[in-house]
Amino acid sequence: MHIVVCVKHVVDSTEIHVDKKTNELVLRGLSTKINDYDKNAVEKAVKLKKELGGTVSLLCIGPREAQKTLKEALAMGADQAYLLQVSPRQQLDTAQVALILSKMAASIEPADLVFCGEVSEDGYNSQTGARLAERLHLPQVSYVTKLDAQEGGYVAESTLESTVETVKGATPALLTISSAINVPHLPTAIQIMKVRGNRIKSLKLSDIGLDDSVLEQPAVKMLGYEIPEQERKNIMIDGSAAEAAASLVK
């Protein structure tokens, strides 16, 4: 079984802050990492590989620095990785990402299963998986919280709020993996350092039949953003502790 996992190279969202003078997000100089939600997808793919045999391939779009992200995912148990290098300043929307990922997937061994994390922690759009499935002409199941697979098919549980759907389908298929499906076993720094660079193949747009025009045609443009104002009522409750407690409960 060949499982392809799409992983994203992101800035550490816990370190993002707002410039109080300009009211803009400060993104320069932040540490980067693998998207947390993609770790669950890699973990599940590696587990299935151990159970069923086969290989796990990683697809990533990002700057050269994204090799660090891919080495971490390879140290988790994936077999090989493919990096489509773009400028660190390049901004891509989900439509562009899905198009590029679809061409990358088509350039390697056909996949039985394609995994995406349920969401990316930077954009939080939850669109890439669905768009990629459409590009690849694959059936899709979202928010998968339980998955059993075998050659030729799978049974997945999809959880959306209070509803759980059980879906039985045939491969190939694309699944977006929920963070509730597992707890990833993260590799140590030494394990990551031992990953050889030749396990990551760098690609250019021309290698997958595209040109630079795809980077210049976003379907969505960011017009601006603002920090919502928060107003507090500052209600003070007087009286003894017992009276204040009663008023607060009321």
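Reader: Why does Gln 230 count as exposed?

Author: One thing up front: this is a predicted model. Gln 230 has 70% relative accessibility, and the cut-off for exposed is over 50%, so Gln 230 counts as exposed. You'll find Gln 230 in the loop between strand E13 (200–203) and helix H6 (241–249). Take Leu 59 as a landmark: Gln 230 and Leu 59 are 171 residues apart in sequence and 40 Å apart in space, C-alpha to C-alpha.

Reader: And what makes E9 and E12 a pair?

Author: Bridges. At least two are needed, and strand E9 (residues 140–150) shares three with strand E12 (residues 173–177), therefore they pair. The sense there is parallel, and Val 141 stands opposite Leu 175 in E12.

Reader: How do you know that E9 and E10 pair too, and in which sense?

Author: Same test: the rule asks for at least two bridges. E9 and strand E10 (residues 153–160) have six, so they pair, in the antiparallel sense. Here Lys 146 stands opposite Glu 157 in E10. The two strands form a hairpin with two residues between them, and Gly 152 in the turn has a positive phi of about 95°.

Reader: What about the whole protein: how many of its residues count as buried?

Author: Of the 250 residues, 40% do; the cut-off is under 20% relative accessible area. The protein exposes about 15100 Å², with carbon and sulfur atoms supplying 50% of that.

Reader: Which side chains carry charge, by count?

Author: There are 28 positive and 32 negative ones, and the centres of the two sets lie 6 Å apart.

Terms used
Residues are numbered from 1 along each chain as its sequence is written. This is a predicted model: local features need pLDDT of at least 70, side-chain atom pairs count only at pLDDT 80 or more; totals for chains, interfaces and linings use all residues. Side-chain values use heavy atoms; hydrogens and water are left out. Buried means under 20% relative accessible area, exposed over 50%, partly exposed in between (1.4 Å probe, protein chains only). Accessible areas come from the Shrake-Rupley method with a 1.4 Å probe; for residues, only the protein chains shown count as cover. Lys and Arg count as positive and Asp and Glu as negative; His and the chain ends are not counted. The place of a charge is taken as NZ of Lys, CZ of Arg, CG of Asp or CD of Glu. Helices (H or I, at least four residues) and strands (E, at least two) are DSSP runs, numbered from the N terminus.
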